[in-house]
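Here are my notes on the model you sent over, point by point. Have the structure open while you read.

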Amino acid sequence: MKQLNLIENTAFNLIKQAVIYLPEDVKQALQKAYAEETNATAKTQLKAILRNIALAEEHQAPICQDTGTLTFYVKAGAQVKHLDKVKEAIVNATRKATKEIPLRPNAVDPFTQKNSGDNTGRFTPPVHWEIVAGDSLELTVMPKGGGSENVSATKMLLPSEGITGLKKFVVDAVINAGAQPCPPTILGVAVGGGADVALSLAKKALLKPLNEVNADADIAELEAELLEAVNMTGIGPMGLGGKTTVLGVHVDYAHRHPASFPAAVAFNCWAARRASARIAADGRVEYLTRKIE
Ligand code: SF4
């Protein structure tokens, strides 16, 4: 089917783009960190990271050996045809990308320890849906490395702990994570909802470009405060010390039960990969993160 092929090809191109090219905002943040670092070891680490990024582009090879779990976000117009085929197209693209790019096979059955070999399996790749008005389909892929995923944190704070408790939780999460998520990281922080909503919003917040200021002035101020606080830890690039532990913090929230104050932190490593494209009803594809001819 033509539509299925179009979605599959677009998803494949996005996976390829995401694992090879870091988005411009992430590259610029790393370049700025390199320019501003005063710690010699941190500067050496950032230089190596920037060289790694350049070599990946030059050789058309994945930025990191851990090509992650391919996490998809689909924003689907309610008028889009064959929505029931989108998941199939994404799974096909994942299999093809694993073989052709290639990607590291990262889907393991937790009971048998058997690796599926193609990055697919039960609930894998994860696909998050949002149905919106219209007739276009927006696809996003976030290849999420295991090192950064392993330090994700959730906590059911007491409502009385409030935003002060949230700040302490975020700083503690960064200190506990240490070098594991390959800093400098990006943090997605969410508060409210149930535990599942908070963690889901925190992870989705990692998709926001680093140069995008939060439209809510109070939340923007909280993000700036958190960024300053976590960078005072001195963990630094790759955990070897320095002033750049975190490149950016994105905060989101949901309304909560009066008795609950769920909080979550999701981490992205310096290899903060993401790529998006929009497929119009007439079949035109617009690549949003990095233009493809
Ligand atoms: S945390 Fe990121 S940079 Fe580190 S090994 Fe995993 S994917 Fe690679």
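1. First, a caveat: this is a predicted model. Please keep that in mind for everything below. I've gone through the sheets, then the ligand site, then a few backbone and side-chain details.

2. Start with the sheet of 5 strands. This sheet is open, and its strands come in the order S2-S1-S3-S8-S9, with mixed pairing. The edges are taken by S2 (127–132) and S9 (285–287); each has a single partner strand, so one side of each is left without a neighbour in the sheet. On average, neighbouring strands here are turned by 15° against each other, ignoring direction.

3. Now look at the S9 end of that sheet. Strand S8, residues 275–279, runs antiparallel to S9, and 3 bridges join them. If you want a residue to click on, try Ala277, which stands opposite Tyr287 in S9.

4. Which strands does helix H4 lie across? H4 covers residues 86–100 and lies across S1 (69–77), S2 and S3 (137–144). Its direction is at about 150° to S1.

5. There's also an open sheet of 4 strands, ordered S4-S7-S5-S6, again with mixed pairing. Here the edge strands are S4 (153–157) and S6 (246–256). Both have a single partner strand, so one side of each lacks a neighbour in the sheet. The average turn between neighbouring strands of this sheet is 15°, direction ignored.

6. Inside that sheet, have a look at S5 and S7. S5 spans residues 185–193 and S7 spans residues 261–268; the two run antiparallel and are joined by 6 bridges. One pair to pick out is Ile186, whose bridge partner in S7 is Asn268.

7. Two helices deserve a look against the 4-strand sheet. H6 (residues 162–177) lies across S4, S5 and S7, at about 35° to S7. H7 (residues 195–205) lies across S4, S5, S6 and S7, and runs at about 30° to S7.

8. On to the ligand: which residues are around it? They are Cys64, Gln65, Asp66, Gly145, Gly147, Ser148, Pro181, Cys182, Cys269, Trp270 and Arg273. Sorted by class, that shell has 5 nonpolar, 4 polar and 2 charged residues.

9. The stretch between H4 and S2 is worth checking for its prolines. Pro102 sits in the loop between these two elements, and the peptide bond leading into Pro102 from Ile101 is cis, with omega near -10°. Pro125 lies in the loop between H4 and S2 as well. The bond from Thr124 to Pro125 is cis too, and its omega is near 0°.

10. One more backbone detail, on the other side of H4: His82 is in the loop between S1 and H4. Its phi is near 60°, a positive value in a residue that isn't glycine.

11. Finally, the aromatic rings. How many aromatic pairs does the structure hold? The count is 0. There are lysines over rings, though. Lys96 has its charged end over the ring of Phe12, 4.3 Å from the centre, and Lys96 falls within the 86–100 range of H4. Lys43 lies over the face of Tyr34, at 4.5 Å from the ring centre.

Notes. Residues are numbered from 1 along each chain as its sequence is written. This is a predicted model: local features need pLDDT of at least 70, side-chain atom pairs count only at pLDDT 80 or more; totals for chains, interfaces and linings use all residues. Side-chain values use heavy atoms; hydrogens and water are left out. Two strands pair if DSSP finds at least two bridges between them. Axes are lines fitted to C-alpha atoms, for helices over the stretch in contact, and angles run from 0 to 180 degrees between N-to-C directions. Contact means heavy atoms within 4.5 Å. A residue is near a molecule or strand if one of its heavy atoms lies within 4 Å of it. Ala, Val, Leu, Ile, Met, Phe, Trp, Tyr, Cys and Pro count as nonpolar, Asp, Glu, Lys and Arg as charged, and the others, Gly among them, as polar. Rings of Phe, Tyr and Trp (its six-membered ring) pair if their centres lie within 6.5 Å; planes under 30 degrees apart count as stacked, over 60 as edge-to-face and the rest as tilted. A charge sits over a ring if NZ of Lys or CZ of Arg is within 6 Å of the ring centre and within 35 degrees of the ring normal.
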